[in-house]
Amino acid sequence: MAELVVALDFKDADSALSMARTLRGTAPWMKVGLELFTAEGPKMVSGLKELGFKVFLDLKFFDIPNTVQGAVRSAVRLGADMVNIHALGGERMARAAMEGCAEGVAPGQTPPLVLAVTMLTSMAAGDLPVESAPDPSEMALDLAVKAKQYGLNGVVCSGLEVERIKAACGSSFACLTPGIRPASAEAGDQRRVVTPERAVRNGSDFLVVGRPITKAERPEEAARAIIEEMSRAR
Ligand code: C5P
């Protein structure tokens with residue numbers, strides 16, 4: 001059953017926690033990303049956990065293996081339920097991330113899911129700043145197959161790629177899809193977008209939605225409408 005993850009892209013803890021309280025009992029997951037974590041730090045993870053949410057710490061680690069290993073270990077010690085790295089970091093970085101995860105887990109703690117970002121959903125063909133770049137969806141599939149081989153728990157990808165990734169990597173390999181836009185919503189900076197219904201039909205396990213909920217006049221209603229659309233698709 002697919003789960004909704006709300007992206008708390010806010011500039012401070014007060015605005016983020018106030019949005020989280022509004023969505024309590026509606027969405028099970030909150031995502032802390034670069035803007036909020038850089039401004040407010042680890043207390044965002046503990047604050048959201050205290051409110052009863054599962055927390056996805058979306059810091060997209062991409063560095064040398066030793067640094068990523070330590071970063072994942074620290075993220076796990078904060079109590080994050082899901083963390084991510086970039087698939088483009090390759091095998092040694094991915095395996096170091098999994099080691100960091102194992103080192104950070106306390107006795108009795110459920111290890112978080114460690115996902116690999118394939119291609120950002122804001123990137124379409126032609127956006128990769130390299131000559132003769134491959135098609136983003138093909139590249140996402142290749143990176144997902146590699147991430148699975150390296151022992152990661154799943155990937156961050158567009159809803160457009162989920163079906164092929166599940167076919168290649170198996171149904172238990174998690175797919176988390178940002179770039180979700182209800183039919184009536186603005187795409188904004190996102191490019192490879194799908195509706196909540198399509199993402200669920202394609203087999204996505206987690207749908208990340210930010211602005212269509214957090215910028216809505218009534219965020220709780222917007223979240224409920226998305227959850228209803230997700231259950232209709234099942
Ligand atoms: O507001 P919107 O629904 O576009 O938010 C999507 C969220 O998912 C943002 O927080 C963004 O950083 C994140 N994300 C993404 N594409 C990825 C990975 C994460 O859009 N590949």
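Visitor: Which element gives the largest share of the lining of the largest pocket?
Guide: The model is predicted, with local features needing pLDDT of at least 70 and side-chain atom pairs 80 or more, while totals for chains, interfaces and linings use all residues. Residues are numbered from 1 along each chain as its sequence is written, and side-chain values use heavy atoms, leaving out hydrogens and water. A pocket is an open set of 1 Å grid points where a 1.4 Å probe fits, with protein on both sides within 12 Å along at least five of seven lines, and lining residues have an atom within 4 Å of a point. With 3 residues, the largest share comes from S3, a strand (DSSP E run, at least two residues; helices are H or I, at least four).

Visitor: How many residues line that largest pocket?
Guide: Helix H2 (34-40), S3, S8 and H9 each supply at least two of them. Nearest the centre are Asp9, Lys31, Asp58, Lys60 and Gln190, and the lining's count is 31 residues.

Visitor: What takes up the space of the largest pocket?
Guide: Strand S3 (54-61), strand S8 (206-209) and helix H9 (211-214) each give two or more residues to the shell around this occupant. The largest pocket is the space taken by the ligand.

Visitor: Which side chain has a polar atom 2.7 Å from a ligand oxygen?
Guide: Threonine 121 has a side-chain N or O atom 3.0 Å from a ligand nitrogen. For glutamine 190, the partner is a ligand oxygen, at 2.9 Å. The 2.7 Å pair belongs to arginine 211.

Visitor: How much of the ligand's exposed area does the protein bury?
Guide: Areas use the Shrake-Rupley method with a 1.4 Å probe. Alone, the ligand exposes 470 Å², and the buried part of that is 88%.

How values were computed
Polar contact = N/O pair within 3.5 Å; in protein donor to acceptor, adjacent residues only side chain to side chain. Sits in = over half its atoms within 2 Å of the grid points.
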